[in-house]
Amino acid sequence: MKAQYKYDHMLGDKEKNLISILLNKGKTIEYISNRFGLSKKFIRTNLCNPDRVHSICLGSKKIAYNDDEMQYGELELNYSFNELNNNEIEAYNNYELKTKSNND
């Protein structure tokens, strides 16, 4: 069975994330190959790329920005802290901590 097929269709999201974590922690390609049944070449060429982009989802607002689509060109986005969801609040707090530590 091809490694790409096995990775795409037989491994779940938890296993795929675990592979990334193990690579980041320095586990060998041979260890990961034996544990997940993927070829070493597949792991080297597809999973060991440090420039690989990891997508994240912060969620979205539940209400529309405008009631009329003619207003879309006039976006005046004003949010209060209470309107943010938990993921947005966490991202905001992490950003504040990073900028505060960089400015000290």
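In which helix is Ser20 found? Ser20 sits in helix α2, and that residue makes a handy starting point for a walk through this predicted model. With a relative accessible area of 15%, Ser20 falls under the 20% cut-off, so Ser20 is buried. A partner from further along the chain lies across from Ser20: Leu47 is 27 residues away in sequence, yet the two C-alpha atoms are 7.4 Å apart in space.

Let us step back and look at the whole chain. Its secondary structure comes to five helices and zero strands, and reading along the sequence gives the pattern α-α-α-α-α. The chain has 104 residues, of which 15% are buried. Among contacts between residues at least 6 apart in sequence, 41% join residues at least 24 apart.

Now for the inside. The largest nonpolar core has twelve residues: Ala3, Tyr7, Leu11, Ile19, Leu22, Leu23, Ile32, Phe36, Leu38, Phe42, Ile43 and Leu47. Four helices each supply at least two residues of this core, namely α1 (3-10), α2 (13-24), α3 (29-36) and α4 (40-47). To see how one core member is surrounded, pick out Ile32. Apart from its neighbours within four places in sequence, Ile32 is in contact with Ile19, Leu22, Leu23, Lys27, Gly37 and Ile43.

How do the helices sit against one another? Start with α2 and α3, which pack at an angle of about 160° with their axes 10 Å apart. An angle over 145 degrees counts as roughly antiparallel, so that is how α2 runs relative to α3. On the α2 side, the contact is made by Glu15, Leu18, Ile19, Leu22 and Leu23, while α3 brings Tyr31, Ile32, Arg35 and Phe36. The crossing of these two helices, α2 and α3, is right-handed.

Next, turn to α3 and α4. Their axes come within 9 Å and cross at roughly 115°, which makes α3 roughly perpendicular to α4. The crossing of α3 and α4 is right-handed too. Here Ile29, Glu30, Ile32 and Ser33 of α3 meet Lys40, Ile43 and Arg44 of α4. Ile32 appears in this meeting and also in the contact between α2 and α3, so keep an eye on Ile32 as you turn the model.

Helix α4 deserves a look of its own. Which of its residues are buried? They are Phe42, Ile43 and Leu47. Looking down the axis of α4, you will find these buried residues within an arc of 100°, so they line one face of the helix. The buried residues of α4 pack against α1, α2 and α3. On the other side of α4, Lys41 and Thr45 are exposed. Phe42, Ile43 and Leu47 are also members of the core described above, and Leu47 is the residue we met across from Ser20.

Finally, follow the chain past α4. Between α4 and α5 (86-103) there is a loop, and Ser60 lies in it. Is Ser60 buried or partly exposed? Ser60 is partly exposed, because its relative accessible area of 49% falls between the cut-offs of 20% and 50%. Like Ser20, Ser60 can be paired with a residue further along: Ser60 and Asn87 are 27 residues apart in sequence and 9.5 Å apart in space, C-alpha to C-alpha.

Key
Residues are numbered from 1 along each chain as its sequence is written. This is a predicted model: local features need pLDDT of at least 70, side-chain atom pairs count only at pLDDT 80 or more; totals for chains, interfaces and linings use all residues. Side-chain values use heavy atoms; hydrogens and water are left out. A nonpolar core is a set of buried Ala, Val, Leu, Ile, Met, Phe, Trp, Tyr and Cys residues joined through side-chain atoms within 4.5 Å. Buried means under 20% relative accessible area, exposed over 50%, partly exposed in between (1.4 Å probe, protein chains only). Contact means heavy atoms within 4.5 Å. The arc is that of the directions from the helix axis to the C-beta atoms. Axes are lines fitted to C-alpha atoms, for helices over the stretch in contact, and angles run from 0 to 180 degrees between N-to-C directions. Angles under 35 degrees count as roughly parallel, over 145 as roughly antiparallel, 65 to 115 as roughly perpendicular and the rest as oblique. A crossing is left-handed if the near helix is turned anticlockwise from the far one by less than a right angle, and right-handed if clockwise.
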